[in-house]
Amino acid sequence: MPNFYEKDSPFQVFITFNKYLDVLEHIRYNDRLEYRAQYAASLIEQTKNYKELRDGFQDLSLLEKHEDLIRLLLSDLFPTGLTRNEIKAASIPLSNVTFNYTERFQNILKDAGTDFQIEFRDISDNEYYVFCCCLILQIHYSINIKSTLPLYYDIPNKQGIVKHYKITINSDFSDVYPADESKIPSEDIVDMLLENLDDVNLWKKYFPSQSWILKGFTIITLIDCTSEVALSDLKTSLIKIDPENLYPDKNLKDIFKSYFDISELNFGLMLFNKKTQKLENLPLYENFFTNHILDFWINTFDEEVRRTTFENINYNSKPVIISNVSKLDADVKKLPSFEILERNKINSFMVIPIMKDNQLIAIMEFTSSIANSLNGLKLKKIEAVIDMVIFSLHRFTFEKNNQIEAIIQREYTTINDSVIWKFRNEAEKFFNAHLSKTTYTLKEISFQNLTPLYSFSDIRSSSEKRYRLMLEDLLQQKNCLADLFSMINDGDAEKYMLALDIFEKEITQEIKADTEQRFQRLLREEIHPYLQGKLEIKDDENSKKNILEYFSKVFTQNNLFYSNRKKLDDSIMLLNRKLADVLDERQEIAQEIFPHYYERFKSDGVDHNLFIGQSIAPELPYSNKIVHQLRYWQLKTVCMMEIEFKKFRNTLAIDLEIASLIFVYNEKIDIRFRMDEKRFDIDGAYNSNYEVIKKRLDKAHIKDSDERITSPGKITIVYFGLENQKEYLQYISNLQKENILQNDVEFLRVEDLQGISGLLALRVSLF
């Protein structure tokens, strides 16, 4: 059985002209006009030898075989006098199989090209199935259904512009009845189905696939509604903005082409920044908008001219329309702006200020290589969507600002999602008070009875490395200057050579606190001006070359050589970013265990704090089990940071080592948001002990030893009591089974710190 439908449907289809032949039979015996009766009899006589035309067929090749006879048979329905005006054809109901076209319809399909396949626009498989069922209700049940689903064909013309045609369907010559053994739904079921148009499975239950016979043909008439559809599509595209993806609809340019009926069309848009009084090109749309004229304008005229123009636009915002560039005055063609038109083959254009409350918010441009294509009539068409353009620009700006705020929130402040609800509650109270014109004082944001988790991965000996590399930079710069002065060999050079020798002695033997600063001052105030003066001497090219080479190595911000320290800074920056990425990615898992306040800091390494407690998520169940889960998460995360470091360590310009530590603290603490610093901090003097211990652990030693408690390649866990020891030994055992940690656990006692004693530690190596 042939499949007339690309989509699933409830029909078995037979093409038949039986109902129309019955109409001709009626004319034959009942029409008062004799010529009409004879004409009908003649048509019936010509078809009687082709029983398939009355009985029905499924072989589509018969449409081609009987093409001339079918055209003659349907001639009353397709009057010759209207064939060049009407867009009309016979069709299998609700399928893309069409035949017996009017001349205008044939020409439209010919212009579309041989590869074009006609098909319905924007109708899903489920919508299509229900639509077919509605046809059954309309024909078999005689229910007058006002369908809310219009059908369209999108057909390109010769120029490639997509034209939109609305389809009207006449199904007078179709018949629908159930196939053998198919059950006919009752009226109550039909009413229920009409109340559930979106439930395709329910429709398929009562109208299964191929359970009904569809016989006959339909007459489809197309109405060109390109402007209306394009206008609707344009409004939809302008309204539809995805906060996660602010890119414009990729079909927007094609929609404008259809709307204006211009095959060669470009358009551009720039927002006006009221604060800076400048037009802004949106990087997001660089590959989408074509701002030939606006780009030239902002890059050519000085700021004063642009500012004056913007002020004038607020008083006179009339669009600029040049329908035919070739007809501009000869004086205009001599202007630089005319070159941009010629270079980009612009023969017609419009520049349209977009105004809101008499204030400029954007400027649009439309350009075309086709002369006379843009004119006042096209401007009228754009005026129909100008409100949507304004709405879209405001929506875009709103969503952009939201995302910028989100970036600031994420990157520059410490108010994360787990605690933002409390800030929103206060902000809402403040806002509501403002609306009711009452006074409300914002309360301090604090959270009580929290368990802290702290850890750091510290770069070992970074200060010593930075000091050593500073000496190397200073000596390299001194030696480079010494070579220059030896080459120049004048009185000033000898004086500076002596000063450099004094500095070298300080650098290599006993550097002072202000040695680097005094060296900088000598360079800034004497040596560098002296060398710059030598560059102006014309007859000493060799010295010039060496002086320029020297200045290329100088870091302009401090007048010093900086290459060795820059390698260290770059290495530390890369290390911090890599470790922070691991921590931030793993943090998402931690928040799923239980919402908590999280902060991390980058300096010479990465450290982080977690604060967990019922007060942060009052609506969720909370117990010590959650603390244990997050402690295990923290240990595993620190291990993963160490593993990641091993992977990229060889890529660092300066070799570095890190040592990681976790501090286990059992007492509850409070945190409070400090308005002056815009961050959370430990609240109250009674909680200060926690901060004191944190700060002193970095340099702490093993008791009665000079060895630091932290060690590269090992994880150190500092705690107070045996209960914590037992807890963490279990965590370590789990990670040993995963071949993350080795079986070399060390049990250590931490030296007494100022005012703190009794700290214990576990230390274990990573694989």
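In the predicted model, the count of salt bridges comes to 41. One of these is formed by Arg565 with Asp473, whose closest N and O atoms are 2.9 Å apart. This pair links distant parts of the chain, since Arg565 belongs to helix 23 (residues 563–593) and Asp473 to helix 19 (residues 462–488), 92 residues apart. Arg565 and Asp473 are both buried.

A further salt bridge is found between the side chains of Arg672 and Asp683, with an N to O distance of 3.1 Å. Here too, distant parts of the chain are linked: Arg672 is in strand 20, while Asp683 is in the loop between strand 21 (679–682) and helix 25 (688–697), and the two residues are 11 apart along the chain. Arg672 counts as partly exposed because its relative accessibility is 23%, a value that lies between the limits of 20% for buried and 50% for exposed residues. The side chains of Arg649 and Glu657 also meet in a salt bridge, at 3.9 Å from N to O. Arg649 is partly exposed, with a relative accessible area of 26%, and Glu657 is likewise partly exposed, at 33% relative accessibility. In addition, a network of salt bridges links Asp22, Glu25, Arg28 and Arg54.

Arg672 also takes part in strand pairing, as it stands opposite Ser446. The strand pairing involved is that of strand 14 with strand 20 (residues 669–674), which is antiparallel and extends over three bridges. Strand 14 has further partners. With strand 18 (residues 605–612), strand 14 pairs in the antiparallel sense over eight bridges, and with strand 19 (residues 658–664) it is joined by seven bridges, again antiparallel. Phe456 has a bridge partner in each of these two strands: Asp607 stands opposite Phe456 in strand 18, and Leu661 is the partner of Phe456 in strand 19. Of the 14 residues of strand 14 (residues 446–459), 12 are buried, so this strand is largely enclosed by the rest of the structure.

Strand pairing is also found in an open sheet of five strands, which has the order 3-2-8-5-4 and antiparallel pairing. Strand 3 (98–99) and strand 4 (152–156) are the edge strands of this sheet, each pairing on one side only. Strand 4 runs antiparallel to strand 5 (residues 162–170), and five bridges join the two. Within strand 5, Lys166 stands opposite Tyr152.

Charged residues also occur at the surface, where Glu187, Asp188, Asp191 and Glu195 form a negative patch. Asp188, one of these four residues, is found in helix 8 (residues 187–194). Asp188 counts as exposed because its relative accessibility is 64%, which is over the limit of 50%.

A loop position was examined as well. Thr276 is placed in the loop between strand 9 (266–273) and strand 10 (278–280). With a relative accessibility of 36%, Thr276 counts as partly exposed. Thr276 and Phe611 are 335 residues apart along the chain, and their C-alpha atoms are separated by 43 Å.

Technical notes. Residues are numbered from 1 along each chain as its sequence is written. This is a predicted model: local features need pLDDT of at least 70, side-chain atom pairs count only at pLDDT 80 or more; totals for chains, interfaces and linings use all residues. Side-chain values use heavy atoms; hydrogens and water are left out. Patches are made of residues with over 30% relative accessible area and no salt bridge: like charges are joined within 9 Å, nonpolar side chains (Val, Leu, Ile, Met, Phe, Trp, Tyr) within 5 Å. Accessible areas come from the Shrake-Rupley method with a 1.4 Å probe; for residues, only the protein chains shown count as cover. Lys and Arg count as positive and Asp and Glu as negative; His and the chain ends are not counted. The place of a charge is taken as NZ of Lys, CZ of Arg, CG of Asp or CD of Glu. Helices (H or I, at least four residues) and strands (E, at least two) are DSSP runs, numbered from the N terminus. Buried means under 20% relative accessible area, exposed over 50%, partly exposed in between (1.4 Å probe, protein chains only). Two strands pair if DSSP finds at least two bridges between them.
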